[in-house]
Amino acid sequence: MTNLATALLESANAVTGFGVRGEDFDHLTDDQIIALNQAIAECERRLGSYKTHAAGQLARRSTRELGHGGLAARHGFSSPEKMLQDVTKSSGREAVQVVALGRLLDEADATRRLLGSGTTDIGGEPIAVPWQAPIATAIAEGTLSIACGDALRRGLGSPTESVHPETLREIAETLIAQQREADSAGLSADQMFTAARLQRDLIDLEGVKARQQEMYDRGGVKLFPKPDGMWQLTGQLDPESAAILTTALDPYTSPRRGGPRFVNPNDKARAQAIIDDPRSTERLTLDGLLELVTLGAALDPQKMHPKMRTLVKIVTVVDDSLLVETGRENASSAGHVIGLLEASGDMIAGATVERSLCDGDTVAMEVTRTGDPLNLGRTTRLFSQRQREALAARDGGCLWPGCERPPAFTEAHHTRQWKRDRGKTDIVDGCLLCRFHHRQLHNNGWEIQRDSSGTQAAGFTLTPPRTIEPNQTPIMLESKSALFRQLQARGTG
């Protein structure tokens, strides 16, 4: 029996060990419920290996060269993806995903066998193991889930003249190694895509511009009537367009969606009115959009006051010479501007940053190469708007582990509390938490401390109460901005 088969049996037994009937799960402790979900995830990763191998075989036995004699065609399917979808009753996207990874695994294995036999070329063309081979291998070993493997492959994209396959292979191997070391605390599929895309962007700044243009071209909306008398609005937005729209619409609904609390009485009253409004959140959003369109249509753009325009915050890095410190031959040269949309964390091309700054539609936040905001000092008890912008640039959203709330939905927390610790309202002692986790921290005995080095780039630790973790082992907190994690690592390494 192979090691993989043994591991699959062990993980399956671990899952069934928690029980097989509904009442068995009712008696589990909170810790056991968490352990059960972790065991299920481990079992699914092991099964993912079998799924990938099986899909690869299905694809190999259904190639076009086999024509109507191929496996899928003999069963009446036009492609292995269609057959897999029918056999497994999965979605079309999942079937395409698994078959693509299966083909990759099959190709990598075949190439290695040829190279092992001494064959180095076919018809004069050199044989090379696909750069994505480490991804397929990690899935086959059960290290990566299918979803994470697919996200890594998509995030890194395809080789170009300036981005060599070997460079992408190295990045893939590094991210896989980090995932393996992290174990259950590893990245989710969405986080893996973001991390991979960031690494691609850092070695291919010109590619950022091209990808941004490609997403812009794909964007658009469609409005059409439905048979029931309603109208359907559908479409998709590129990151820059989405940042403009969400920034404009958030004030209409954010108090309902976990937005920050307010101190000013007028702001508190406005927020409460939104919470108490009998309209649905979706209706409020639509009415807000209609109000903006109505106001905009009535204004002369040449006479529009700057305060009436939607402000999109863009973070810019002062010194990007770190981009040539990667040790990669094709790393971009210094002199480019790195832009980051605060709302989503998407990287944008330098040309977009410059255009936005000229138009007056942005608030630029400059930071050092280690991720520290520049020239921002202390104020009184409440963090100033400028300080909050600095915290947003550094933290990228709520710092609580696993929370994905963006900066617009966070509150500034004093790690040295204002009353209890007589703390200062200083950026180095502040961090961002969403409303829920801010209350969780103050009400349930959690603590956040700045680490002993006392630098902004070093970050914070979160200590749980004894009721949650008897040993109170500190949890390292990381910026939710992938770019700033990169900057901090380079600056402190």
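1. Is Asp204 buried or exposed? In this predicted model, Asp204 counts as buried because its relative accessibility is 7%, and buried means under 20%. The residue sits in the loop between helix 10 (189-202) and helix 11 (205-218). Along the chain Asp204 and Thr160 are 44 residues apart, and their C-alpha atoms are separated by 9.6 Å.

2. It helps to set this residue against the whole protein. The protein has 493 residues, of which buried residues make up 40%, and its secondary structure comprises 18 helices and 13 strands. Among contacts between residues at least 6 apart in sequence, 60% join residues at least 24 apart. The protein exposes about 27,500 Å², and carbon and sulfur atoms supply 53% of that area.

3. Helix 6 repays a careful look. Its 25 residues should span 36 Å at 1.5 Å a residue, and the C-alpha atoms at its ends are indeed 36 Å apart, so the expected and the computed values agree. The buried residues in helix 6 are Ala95, Gln97, Val98, Val99, Leu101, Gly102, Leu104, Leu105, Asp106, Ala108 and Thr111. When you read such a list, keep in mind that an α-helix has 3.6 residues a turn, so residues three or four places apart point the same way. The cover over the buried residues of helix 6 includes helix 3, helix 5 (80-88), helix 7 and helix 8 (146-156). After helix 6 comes Gly118, which has a positive phi, near 100°.

4. Which residue meets Asp106 in a salt bridge? The partner is Arg60, and the N to O distance between the two side chains is 2.4 Å. This pair links distant parts of the chain, since Arg60 belongs to helix 3 (residues 30-60) and Asp106 to helix 6 (residues 92-116), with their positions 46 residues apart in sequence. The two partners have their own accessibility values: Asp106 is buried because its relative accessible area is 18%, whereas Arg60, with 39%, is partly exposed.

5. A second salt bridge that deserves comment is formed by Arg180 and Glu141, whose closest N and O atoms are 3.7 Å apart. Here too the pair links distant parts of the chain, with Arg180 in helix 9 and Glu141 in helix 7 (residues 133-141), 39 residues apart. Arg180 is partly exposed, at a relative accessible area of 42%, and Glu141 also counts as partly exposed, at 43%.

6. How many salt bridges are there? The count comes to 22, and two further examples can be looked up in the structure. One of them joins the side chains of Arg257 and Asp250, at 2.7 Å from N to O; Asp250 counts as buried because its relative accessibility is 18%, while Arg257, at 30%, counts as partly exposed. The other is a network of salt bridges in which Arg93, Asp150, Arg153 and Arg154 are linked.

7. Glu166 is another residue that can be placed with some care. It lies in helix 9 (residues 165-182), and it counts as partly exposed because its relative accessibility is 42%, a value that falls between the 20% limit for buried and the 50% limit for exposed. The side chains of Glu166 and Arg169 are joined by a polar contact of 3.2 Å. Glu166 and Pro130 are 36 residues apart in sequence, while the distance from C-alpha to C-alpha is 9.3 Å.

8. What does the side chain of Glu411 contact? It makes a polar contact of 2.8 Å with the side chain of His438. Glu411 is found in strand 9 (residues 410-414), where it counts as buried because its relative accessibility is 8%. If residues up to four places away in sequence are left out, Glu411 touches Pro260, Arg261, Arg388, Cys431, Leu432, Leu433, Arg435 and His438, so a reader who wishes to follow the surroundings of this buried residue can begin from that list.

How values were computed:
Residues are numbered from 1 along each chain as its sequence is written. This is a predicted model: local features need pLDDT of at least 70, side-chain atom pairs count only at pLDDT 80 or more; totals for chains, interfaces and linings use all residues. Side-chain values use heavy atoms; hydrogens and water are left out. Helices (H or I, at least four residues) and strands (E, at least two) are DSSP runs, numbered from the N terminus. Buried means under 20% relative accessible area, exposed over 50%, partly exposed in between (1.4 Å probe, protein chains only). A polar contact is a pair of N or O atoms within 3.5 Å; within protein, one must be able to donate a hydrogen and the other to accept it, and residues adjacent in sequence count only if both atoms are side-chain atoms. A salt bridge is a side-chain nitrogen of Lys or Arg within 4 Å of a carboxyl oxygen of Asp or Glu. The expected span of a helix is 1.5 Å times one less than its number of residues. Contact means heavy atoms within 4.5 Å. Accessible areas come from the Shrake-Rupley method with a 1.4 Å probe; for residues, only the protein chains shown count as cover.
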